[in-house]
Amino acid sequence: MSAAQGKVIITCAVTGSIHTPSMSPHLPVTPQEIADAAIGAAKAGAAIVHLHARNPKDGSPTQDPELFRQFAPKIKAACDVVLNFTTGGAPTMSIEERLQPALKLAPEVASLNMGSMNFGLYEMLGRYKEFKHGWEQPYLAGSDDRIFKNSFKDIAYILTSCAKNETRFEIECYDIGHLYTAAHFLERGLVKPPLFIQSVFGIRGGIGNHPEDVIHMKRTADRLFGDAYYWSCSAPGARNADRRTGRGDGRQRAGRARGQPVDRPRPARELQRRPGGEGEEAPRGARTSGGDARRGAPDAETKRRKKCGFLGFCCCSAFRFRRSRKTGPTNP
């Protein structure tokens, strides 16, 4: 059984790399838009913001550290939300390119994919007839012949490169085998317990989003990691993501599933309200599952101030994500 989690911890990915600008005029693209969306998410109840960058000119995914440097300080200056930088970037990028923001800016958390996989986005083409930018349609269409590469060597490279940064990793598992890969790196000592396991359901090429899939992932993680991990759920490919991972039959049968959807591909009409806007509130599943979503970050007992000089960018706010070189986060 995963470690007990007293408070609901909501992670919000404000832009990701799945959506393209033509899917919604509200997709954050510029550094200022990304900062505003992340701050709004924090005000709405998010404890962690999962951050990608976009080319301000055409909205294409980029891992340029200078763009991360433009929005990260603004977010930290405005709120105490935990920053989670992607090392996944986009499947079109090299591992060296994907690593740069986490390596150079030393965020509190960085995402880390646990395996190479098919990552099909091509089915989204049928939903849109026109595209604003020339890169969008080939980016989606090419995913039927594209491998999202995360070899054992790649994973070890990211872990060893960031070892001195004290960055904790969100271990992203898109299938059962990815859990075994995480256990492998735990045995090698390249990741430290407790692990923060993000189980991702519904991507074309990964595990499905049926409640039985959720149960299987949770049961396998319990067997591999015991109580030395925290569990979170993400349902990018599920229209009924709340039912699969946040509440209802899937959550009840899987046990203590406390995560909320991240990077969920939603129709443009659902993206018209930005996080933190008038009337915005924390997800209903979080409000009704016994947790305090608005205070989802670790409470006063786990506060620990972090020196501004440690992050690779200037900020003046503390963060509430307790961690240690020896034991890792006690309550991520």
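This briefing walks through a sheet of strands, the helices beside it and one buried residue. The model is predicted, so keep that in mind as you explore. At its heart for our tour is an open sheet of 7 strands with parallel pairing.

**The sheet**

- Reading across the sheet, you meet the strands in the order β1-β2-β5-β6-β9-β10-β11.
- β1 (11-13) and β11 (229-234) each have a single partner strand, so they stand at the edges and one side of each has no neighbour in the sheet.
- From one strand to the next, the twist averages 30°.
- As background, strands of a sheet pair through backbone hydrogen bonds, and the pairing can be parallel or antiparallel.

**Strand β9 and its neighbours**

- On one side, β9 pairs with β6 in the parallel sense, over 5 bridges. Here Val109 stands opposite Arg168 in β9.
- The chain then goes from β9 through α6 to β10, making a right-handed β-α-β crossover.
- Strands β9 (residues 168-173) and β10 (residues 195-200) run parallel and are joined by 4 bridges. If you look for Glu172, you will find that its bridge partner in β10 is Gln198.
- Is β9 buried or exposed? Buried residues make up 6 of its 6, so the strand is largely enclosed by the rest of the structure.
- The side chains of β9 go two ways: Arg168, Glu170 and Glu172 point one way, while Phe169, Ile171 and Cys173 point the other way.

**Helices on the sheet**

- Helix α2 (residues 65-78) packs on the sheet, where it touches β2 (48-51) and β5 (82-85). The direction of α2 makes about 160° with that of β5.
- Helix α5 (residues 152-161) lies across β6 (109-113) and β9, and runs at about 165° to β6.
- Which residues of α5 are buried? They are Asp154, Ile155, Ala156, Ile158 and Leu159.
- The cover over these buried residues of α5 includes α3, β6, β9 and α6 (176-187).
- A handy point about helices: an α-helix has 3.6 residues a turn, so residues three or four places apart point the same way.

**A closer look at Glu108**

- You can find Glu108 in the loop between α3 (95-105) and β6.
- Why does Glu108 count as buried? Its relative accessibility is 0%, and the cut-off for buried is under 20%.
- What does the side chain of Glu108 contact? It makes a polar contact with the side chain of Lys76, at 2.7 Å.
- The side chain of Glu108 also reaches the backbone nitrogen of Leu83, at 3.2 Å.

Conventions:
Residues are numbered from 1 along each chain as its sequence is written. This is a predicted model: local features need pLDDT of at least 70, side-chain atom pairs count only at pLDDT 80 or more; totals for chains, interfaces and linings use all residues. Side-chain values use heavy atoms; hydrogens and water are left out. Two strands pair if DSSP finds at least two bridges between them. Axes are lines fitted to C-alpha atoms, for helices over the stretch in contact, and angles run from 0 to 180 degrees between N-to-C directions. Contact means heavy atoms within 4.5 Å. Buried means under 20% relative accessible area, exposed over 50%, partly exposed in between (1.4 Å probe, protein chains only). A polar contact is a pair of N or O atoms within 3.5 Å; within protein, one must be able to donate a hydrogen and the other to accept it, and residues adjacent in sequence count only if both atoms are side-chain atoms. A crossover is right-handed if, with the strands pointing away from the viewer, the path from the first strand over the helix to the second runs clockwise.
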